[in-house]
Amino acid sequence: MGLNTIEERLRMSFPDAEITLRDLTGTEDHVEAHIISVLFRGKSPVEQHRMVYKALDELMKGPIHALALHTSIPE
Amino acid sequence: MRDVQAEIKETVTNNSVILFMKGSPAFPQCGFSAQIAYILSELNVEYVGVDVLSDPEVRQGIKEFSAWPTIPQLYVKGEFIGGCDITKDLFESGELLTKMVASGVVAKDA
């Protein structure tokens, strides 16, 4: 698994999104993600993060050890 | 047989502010848990820390409880507030203090 896998997975669920991923440790398993998508409109922060976790699904259960997550809606 | 979901529900209901975390409030064993512990101490909030590392069933169960795959998880008056990033955002915007005051878990002049 690498950042590409994460980005592809996010892209499937958030086709419009501006996605910025950062490898925090050089090991590609501690990742910071900034995701800007219209799909977050009308959702609470908790719901927005749940959407991302759902998109990443099994990647959250091992391959990604830590995810710093920032979601927002385009201006 | 142990009913972890019922246990978690009871714990969340019976404690005004509860943090499911890795490690303890005094000795967090994960940076994300440490950040929320720091925020709660900044807000002068009394809370209960549940160390999921000491209980694998709770560690798994809490993820199902809130359909949230990561730890830490913060609850106030039974309501799931979020993980580290959301809690940090709410703290920085002042909303977390407002919520704590409204929930009666911190004095206004704290």
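**Exercise 1. In this predicted model, work out in what order the elements of chain B run from the N terminus on, and check how the chain's radius of gyration sits against the globule rule.**

Step 1. Start with the tally: chain B has five helices and four strands.

Step 2. Now walk the chain. Starting at the N terminus, the order reads α-β-α-β-α-β-β-α-α.

Step 3. On to the overall dimensions. Chain B has a radius of gyration of 13 Å, and the globule rule gives 13 Å for 110 residues, so chain B is as compact as a globular protein of that length. Along the principal axes, its C-alpha atoms fill a box of roughly 45 × 25 × 25 Å.

Step 4. Finally, look at burial and contact range. Of the 110 residues in chain B, 35% are buried. Take the contacts between residues at least 6 apart in sequence: in chain B, 63% of them join residues at least 24 apart.

**Exercise 2. Find the largest nonpolar core and say which elements feed it.**

Step 1. Count the members: this core has 29 residues. The ones with the most contacts inside it are I18(B), L19(B), F20(B), M21(B), I36(B), V52(B) and I62(B).

Step 2. Map the core onto elements. Those that give two or more residues are α1 (4-14), β1 (17-21), α2, α3 (56-65), β3, α4 and α5 of chain B.

Step 3. Zoom in on V52(B). Leaving out residues up to four places away in sequence, V52(B) touches F20(B), M21(B), K22(B), V58(B), R59(B), I62(B) and I71(B).

Step 4. Don't stop at one core. Another one, with 13 residues, lies apart from the largest, and its members include F14(A), A17(A), A33(A) and I35(A).

**Exercise 3. How do β3(B) and β4(B) pair, and what sits in the turn of their hairpin?**

Step 1. Get the sense of the pairing: β3(B) and β4(B) are antiparallel, over three bridges. As a landmark, Y75(B) stands opposite F80(B) in β4(B).

Step 2. Then check the connection. Two residues lie between the strands of this hairpin, and K77(B) in the turn has a positive phi of about 50°.

**Exercise 4. Which residues of α4(B) are buried, and what covers them?**

Step 1. List the buried ones: C84(B), D85(B), I86(B), T87(B) and L90(B).

Step 2. Look for the cover, and you'll find both chains. Chain A brings α2 (45-56) and β3 (66-72), while the cover from chain B includes α2 (31-42), β3 (73-76), β4 and α5 (95-102).

Step 3. Check what follows the helix: just after α4(B), G94(B) takes a positive phi of about 90°.

**Exercise 5. Describe the contact between the chains, seen from chain B.**

Step 1. Count residues: 11 come from chain B and 12 from chain A.

Step 2. Assign chain B's side to elements. β4 (79-82) and α4 (84-93) of chain B each give two or more residues, and α4(B) has the largest share, three residues.

Step 3. Sort that side by type: six residues are nonpolar, three polar and two charged.

**Exercise 6. Lay out the sheet of chain A, strand by strand.**

Step 1. Set the scene. Chain A has two helices and three strands, running α-β-β-α-β from the N terminus on. Its radius of gyration is 12 Å, which agrees with the value near 11 Å that a compact globule of 75 residues would have.

Step 2. Order the strands: the open sheet reads β1-β2-β3, with mixed pairing. β1 (18-23) and β3 of chain A are at the edges with a single partner strand each, so each has one side without a neighbour in the sheet. On average, neighbouring strands are turned by 10° against each other, direction ignored.

Step 3. Split the mixed pairing into its parts. β1(A) and β2(A) are antiparallel over six bridges, whereas β2 (residues 30-36) and β3(A) are parallel over seven. H34(A) turns up in both: it is the bridge partner of T20(A) and also of H70(A) in β3(A).

Step 4. Inspect the hairpin of β1(A) and β2(A). Six residues lie between these strands, and G26(A) there takes a positive phi near 80°.

Step 5. Ask what covers the strands. α2(A) lies across β2 and β3 of chain A, at about 125° to β3(A). β1(A) is hardly covered, with zero buried residues among its six.

How values were computed
Residues numbered from 1 in each chain as written. Chains lettered and ligands numbered in written order. Predicted model: local features only at pLDDT ≥ 70, side-chain atom pairs only at ≥ 80, totals over all residues. Contact = placed C-beta atoms within 7 Å. Nonpolar A, V, L, I, M, F, W, Y, C, P; charged D, E, K, R; others polar. Buried ≥ 20, exposed ≤ 12 C-beta atoms within 10 Å, placed from the backbone. Rg over C-alpha atoms; globule rule 2.2 N^0.38 Å. Pairing = 2+ DSSP bridges. Axes fitted to C-alpha atoms, helices over the stretch in contact; angles between N-to-C directions. Core = buried A, V, L, I, M, F, W, Y, C linked by C-beta atoms within 7 Å.
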